[in-house]
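Here are a few exercises to work through with the model open beside you. Try each task before reading its solution.

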Amino acid sequence: MKSKKAIIEDAVNTLQLESQSILGLIDHINDDFCQIIDHILHCNGRVIVTGIGKSAIIAQKIVATFNSTGTPSSFMHAADAVHGDLGMIQKNDIVICISKSGNTPEIKVLAPLLKQSGNLMIGMVGQLNSDLAVQADLILNTTVEKEACPHNLAPTTSTTAQLAMGDALAICLLNARNFNEEDFGRFHPGGALGKRLYLKSGDIALKNQKPSIHPAASVKDVIIEISQNRLGAVVVIEADTILGVITDGDIRRMLEKHTNLADIKASDLMNPHPKTIEKDLLAINALEMIKENNITQLLVTDGGVYFGMIHLHDLLQEGII
């Protein structure tokens, strides 16, 4: 068992080597890279990304990133390609073939077949004199000096470079398409990330009760309305106009000051300047308002008219926080 110091040194050395492999790519962002971006932007088909071994895993990640940022893409395993999967490549598709050496048996078989099909073939490769580099129409150079593996065998810095080059492609394509947060939200509707990008304040308010009370209502009626709706607040309304809001905190503070409650009305308790948000604004905007104002409830309006209420707990339950 190595000492703690030795373990830390190994970890730091690995990260330094991998960071150097990424920085080394900067010198390889050239005319080929720009041409590849242009071809993909004007592609009427998909981007097919293929590889073998660890490069195949990187290819799958690049495909996932492409698809989620507006570039239609599919993964094809290089070994399966020569056993029928070549049929997935259509006339207008572009193929990115990933290989560190560019000389693996599967790649040597696949590369000339891709050339014969007439599809644009891009080689993401670490050896520029390899079979893949020679066959490719355009090159993404992911050469690294050595692997982080002490035996220079296990793909580490090389796959890091491939992954980073794929991200560089994806971000350049994203920016070129003016791909924005709304587009991102359409492709990520599931989970907390999606909700932050598409869930609206009105969507949450619709799930809640809509507590309201007349300004002349008694303290008892105010307490009953707050308790029944379980949102910790009630909106004071007259003729569809929001006059204010009363929270359970307002009730507690009132009880500390008064013992005779008979003459106290809702209008005496309310905060006449409640915080509101329009129903079409995102729930994440509601969260920002709640945080900024140090409150737990927020009124939702529709053109200024009372629409409903959001509680901080609603945002927690939806995974917005």
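A residue counts as buried under 20% relative accessible area, as exposed over 50%, and as partly exposed in between. Keep in mind that the model is a predicted one.

**Exercise 1. Two positive phi angles**

Task: Find where D240 and N294 sit in the chain, and decide whether each is buried or exposed.

Solution:
- Start with D240, whose phi is near 65°, a positive value in a residue other than glycine.
- D240 belongs to the loop between β7 (233-238) and β8 (241-247).
- With a relative accessible area of 61%, D240 is exposed, because the cut-off for that class is over 50%.
- Now go to N294, which comes just after α14 and has a positive phi of about 55°.
- N294 belongs to the loop between α14 and β10.
- Its relative accessible area is 72%, so N294 is exposed.

**Exercise 2. The buried side of a helix**

Task: Which residues of helix α14 (residues 283-293) are buried, and what arc do they cover around the axis?

Solution:
- Pick out the buried residues of α14: A283, I284, A286, L287 and I290.
- These residues cover an arc of only 155° around the axis, so they lie on the same side of α14.
- As background, an α-helix has 3.6 residues a turn, so residues three or four places apart point the same way.

**Exercise 3. Salt bridges**

Task: How many salt bridges does the structure hold? Then look at the bridges of D10, D250 and D280, and find the partner of each.

Solution:
- The structure holds eight salt bridges.
- D10 pairs with K2, and their closest N and O atoms are 2.7 Å apart. D10 is partly exposed at 37% relative accessible area, and K2 is partly exposed at 48%.
- D250 meets R253 in a salt bridge of 2.8 Å, N to O. Both are in helix α12 (residues 248-257), and because they are three residues apart, about one helical turn separates them. D250 is buried, with a relative accessible area of 16%, whereas R253 is partly exposed at 45%.
- D280 bridges to K279, with 3.4 Å between the closest N and O atoms. D280 is exposed, with a relative accessible area of 51%.

**Exercise 4. A buried glutamine**

Task: Place Q297 in its element, then describe what its side chain reaches and which residues it contacts beyond its sequence neighbours.

Solution:
- Q297 lies in strand β10 (residues 297-302).
- Its relative accessible area is 12%, so Q297 is buried.
- The side chain of Q297 reaches the backbone oxygen of L231 at 3.0 Å.
- A further polar contact, of 2.9 Å, links the side chains of Q297 and T296.
- Setting aside neighbours within four places in sequence, Q297 is in contact with L231, G232, A233, T247, M309, I310 and H311.

**Exercise 5. A nonpolar patch**

Task: Which residues form a nonpolar patch on the surface with V109, and where in the fold is V109 found?

Solution:
- V82 and L113 join V109 in the patch, and together the three have about 200 Å² of accessible area.
- V109 is found in helix α5 (residues 105-117).
- At a relative accessible area of 45%, V109 is partly exposed.

Methods
Residues numbered from 1 in each chain as written. Predicted model: local features only at pLDDT ≥ 70, side-chain atom pairs only at ≥ 80, totals over all residues. Heavy atoms only, no water. Helix = DSSP H or I, 4+ residues; strand = E, 2+ residues; numbered from the N terminus. Buried < 20%, exposed > 50% of the residue type's maximum accessible area, 1.4 Å probe, protein only. Polar contact = N/O pair within 3.5 Å; in protein donor to acceptor, adjacent residues only side chain to side chain. Contact = heavy atoms within 4.5 Å. Patch = residues over 30% accessible without salt bridge, like charges linked within 9 Å, V, L, I, M, F, W, Y side chains within 5 Å. Areas by Shrake-Rupley, 256 points an atom, 1.4 Å probe, with all protein chains shown as cover. Salt bridge = Lys/Arg side-chain N within 4 Å of Asp/Glu carboxyl O. Arc of directions from axis to C-beta.
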